[in-house]
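Got the viewer open and a selection box ready? Let's take a walk through the fold, one pick at a time.

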Amino acid sequence: MDLFVKNGNQIYKVNYICMCNECRKRGMPELELVDQEGNYVDYIKMSDLFNGKYELFQKNK
């Protein structure tokens with residue numbers, strides 16, 4: 001199962017869910033986003049998924 005994040009008309013794949021020491025201190029992981037070709041795009045905090053800018057969805061292989 002793959003996770004994707006939609007931001008307007010752009011769709012990014014969640015490549016990695018980070019739980020480094022900083023994320024643990026904050027109590028919230030970050031998501032590494034990549035484009036269709038697998039190129040790094042951005043990291044977003046999980047809290048960003050609840051501000052209305054992003055939409056998380058899954059896609060079964």
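Before we start clicking: two strands count as paired if DSSP finds at least two bridges between them. Keep in mind, too, that this is a predicted model.

**The whole sheet**

Show the cartoon and colour the strands. Five of them make an open sheet, in the order E4-E3-E2-E1-E5, with antiparallel pairing. E4 and E5 (55-59) sit at the edges with a single partner strand each, so one side of each has no neighbour in the sheet. Averaged over the sheet and ignoring direction, neighbouring strands are turned by 40° against each other.

**Strand E3**

Now select residues 30-34, which is strand E3; five of its five residues are buried. Turn on the side chains. Glu30, Glu32 and Val34 point one way, while Leu31 and Leu33 point the other way. That fits the general picture, where side chains in a regular strand alternate between the two faces of the sheet.

Next, add residues 10-18, strand E2. E2 and E3 run antiparallel and are joined by five bridges. Two pairs to label: Lys13 has Val34 as its bridge partner in E3, and Ile17 is partnered by Leu31.

On the other flank, select residues 40-45 for E4, which pairs with E3 in the antiparallel sense, again over five bridges. Here Glu32 stands opposite Tyr43. Follow the chain from E3 to E4 and you trace a hairpin with five residues in between. Stop in the turn at Gly38, whose phi is positive, about 90°.

**A tyrosine patch**

Switch to a surface view and pick Tyr16, Tyr40 and Tyr43: together they make a nonpolar surface patch of about 330 Å². Tyr16 belongs to E2 and counts as partly exposed, with 45% relative accessibility.

**Salt bridges**

How many salt bridges are there to find? The count comes to three.

- Start with Asp2 and Lys13, whose side chains meet at 3.8 Å, N to O. Asp2 is in strand E1 (residues 2-7) and Lys13 in E2, so this pair ties together parts 11 residues apart in sequence. Asp2 is buried at 17% relative accessibility, and Lys13 is partly exposed at 30%.
- Then go to helix H1 (residues 21-26), where Lys25 and Glu22 lie three residues apart, about one turn of the helix. Their side chains form a salt bridge at 3.5 Å, N to O. Lys25 is exposed, at 67%, whereas Glu22 is partly exposed, at 47%.
- Finish with Arg26 and Glu30, where the closest N and O atoms are 3.2 Å apart. Arg26 is partly exposed, with a relative accessible area of 36%.

Why does Glu30 count as buried? Its relative accessible area is 18%, and buried means under 20%.

**Last stop: Phe57**

Cross over to strand E5 and select Phe57. Phe57 is partly exposed, with a relative accessible area of 28%. Which residues does Phe57 touch, leaving out those up to four places away in sequence? Show Asp2, Leu3, Phe4, Val5, Lys6 and Ile11 and you have the set. Asp2 should look familiar from the salt bridge with Lys13.

To end, draw a C-alpha to C-alpha distance from Phe57 to Val41: the two are 16 residues apart in sequence and 18 Å apart in space.

Definitions and conventions
Residues numbered from 1 in each chain as written. Predicted model: local features only at pLDDT ≥ 70, side-chain atom pairs only at ≥ 80, totals over all residues. Heavy atoms only, no water. Patch = residues over 30% accessible without salt bridge, like charges linked within 9 Å, V, L, I, M, F, W, Y side chains within 5 Å. Areas by Shrake-Rupley, 256 points an atom, 1.4 Å probe, with all protein chains shown as cover. Salt bridge = Lys/Arg side-chain N within 4 Å of Asp/Glu carboxyl O. Helix = DSSP H or I, 4+ residues; strand = E, 2+ residues; numbered from the N terminus. Buried < 20%, exposed > 50% of the residue type's maximum accessible area, 1.4 Å probe, protein only. Axes fitted to C-alpha atoms, helices over the stretch in contact; angles between N-to-C directions. Contact = heavy atoms within 4.5 Å.
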